[in-house]
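Student: I have a model open and would like to go through some of its parts. Can we keep it short?

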Amino acid sequence: MGNPEVTAADVDVRLGVRLAELRAEQGWSLGELAERCGISRSTLSRAERAEISPTAALLNRLCAVYGRTMSQLLSEVEAEPAAVVRAADQPVWEDRSAGFVRRSVSPPHTGLRGELVEGRLAAGADLAYDRPPVAGLEQHIWVLQGAMEVTAQEVTHRLGAGDCLRMRVWGATRFRCADDTGVRYLLAVVRP
């Protein structure tokens with residue numbers, strides 16, 4: 001994350017603890033959660049024990065079940081957010097297997113519905129989400145460098161540097177890098 005002394009393993013441990021807490025708050029067994037999110041009990045158990053680093057797709061499914069954005073969930077394993085978030089303190093999370101890096105430029109904060117996320121997809125990266133973390137989530141995607149394709153509601157939008165896509169997310173989405181050198185974009189997320 002932003003603090004160089006905090007390792008990815010530390011974040012995975014805190015994230016695992018938070019995932020276990022959320023499940024306990026709902027009173028669900030691992031089996032019940034597995035049925036709700038479509039992730040195996042063993043994978044859920046390994047994520048809660050920080051034996052694996054969860055992928056973006058796995059976190060997205062869990063966020064959908066718990067009614068949170070991914071940034072909200074990740075912010076819950078961080079200290080209380082400050083009004084000013086210095087560049088060096090902006091939490092960074094990476095799904096290495098998918099070629100995806102996300103920086104929480106303006107992490108979620110109690111009482112605020114919006115957040116800003118910088119996303120980077122490596123050349124060839126292709127992320128598919130089967131559902132939004134929160135139905136009706138408002139997203140604005142502004143491409144800063146490179147090109148990408150975003151598919152929502154079965155419509156694919158090709159975006160180049162400077163282009164912005166505005167949408168509400170109700171179903172499956174797909175983010176695909178359409179540039180040989182990768183793509184960098186700003187994602188503004190507003191909870192309904």
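Student: What follows α4, and what is its phi?

Tutor: This is a predicted model. In it, α4 is followed by G67, which has a positive phi near 70 degrees.

Student: And which residues of α4 itself are buried?

Tutor: Helix α4 covers residues 56–66, and the buried ones are A56, L58, L59, N60, L62, C63 and Y66.

Student: Switching to the sheet. What is the strand order?

Tutor: The order is β1-β2-β3-β10-β5-β8, in an open sheet of six strands with antiparallel pairing.

Student: Which strands stand at the edges?

Tutor: Those are β1 (92–95) and β8 (164–169). Each has a single partner strand, so one side of each has no neighbour in the sheet.

Student: How much are neighbouring strands turned against each other?

Tutor: On average by 20 degrees, with direction ignored.

Student: Now β10. Is it enclosed or open, and why?

Tutor: Strand β10, residues 183–190, is largely enclosed by the rest of the structure, because six of its eight residues are buried.

Student: How many bridges does β10 have with β3, and in which sense do they pair?

Tutor: There are eight bridges between β10 and β3 (residues 114–121), in the antiparallel sense. As one register point, E115 stands opposite V189 of β10.

Student: And with β5?

Tutor: Strand β5, residues 137–145, pairs with β10 over seven bridges, also antiparallel. Here E138 has V190 of β10 as its bridge partner.

Student: How many bridges join β5 to β8?

Tutor: Six, and the two strands run antiparallel. Two pairs help to fix the register: L137 stands opposite V169 in β8, and the bridge partner of Q139 in β8 is M167.

Student: Which side chains of β8 are buried?

Tutor: L165, M167 and V169, which point to one face. C164, R166 and R168 point to the other face and are not buried. In a regular strand the side chains alternate between the two faces of the sheet.

Student: Take L165. Why does it count as buried?

Tutor: Its relative accessibility is 8%, so L165 falls in the buried class; the cut-off is under 20%.

Student: What does L165 touch?

Tutor: Leaving aside residues up to four places away in sequence, L165 touches Q139, H140, I141, V150, H157 and L159. For Q139, the C-alpha atom is separated from that of L165 by 8.0 Å, and the two residues are 26 apart along the chain.

Student: Last topic, the helix pair α2 and α3. At what angle do their axes cross?

Tutor: At roughly 110 degrees, with the axes coming within 9 Å. Helix α2 is residues 30–37 and α3 is residues 41–48. The two are therefore roughly perpendicular to each other, and α2 passes α3 in a right-handed crossing.

Student: Which residues make the contact?

Tutor: From α2 they are L30, G31, L33, A34 and C37; from α3 they are R41, L44, S45 and E48.

Student: How do the residues of that contact divide into nonpolar, polar and charged?

Tutor: Into five nonpolar, two polar and two charged, counting the residues of both α2 and α3 in the contact.

Methods. Residues are numbered from 1 along each chain as its sequence is written. This is a predicted model: local features need pLDDT of at least 70, side-chain atom pairs count only at pLDDT 80 or more; totals for chains, interfaces and linings use all residues. Side-chain values use heavy atoms; hydrogens and water are left out. Axes are lines fitted to C-alpha atoms, for helices over the stretch in contact, and angles run from 0 to 180 degrees between N-to-C directions. Helices (H or I, at least four residues) and strands (E, at least two) are DSSP runs, numbered from the N terminus. Angles under 35 degrees count as roughly parallel, over 145 as roughly antiparallel, 65 to 115 as roughly perpendicular and the rest as oblique. A crossing is left-handed if the near helix is turned anticlockwise from the far one by less than a right angle, and right-handed if clockwise. Contact means heavy atoms within 4.5 Å. Ala, Val, Leu, Ile, Met, Phe, Trp, Tyr, Cys and Pro count as nonpolar, Asp, Glu, Lys and Arg as charged, and the others, Gly among them, as polar. Buried means under 20% relative accessible area, exposed over 50%, partly exposed in between (1.4 Å probe, protein chains only). Two strands pair if DSSP finds at least two bridges between them.
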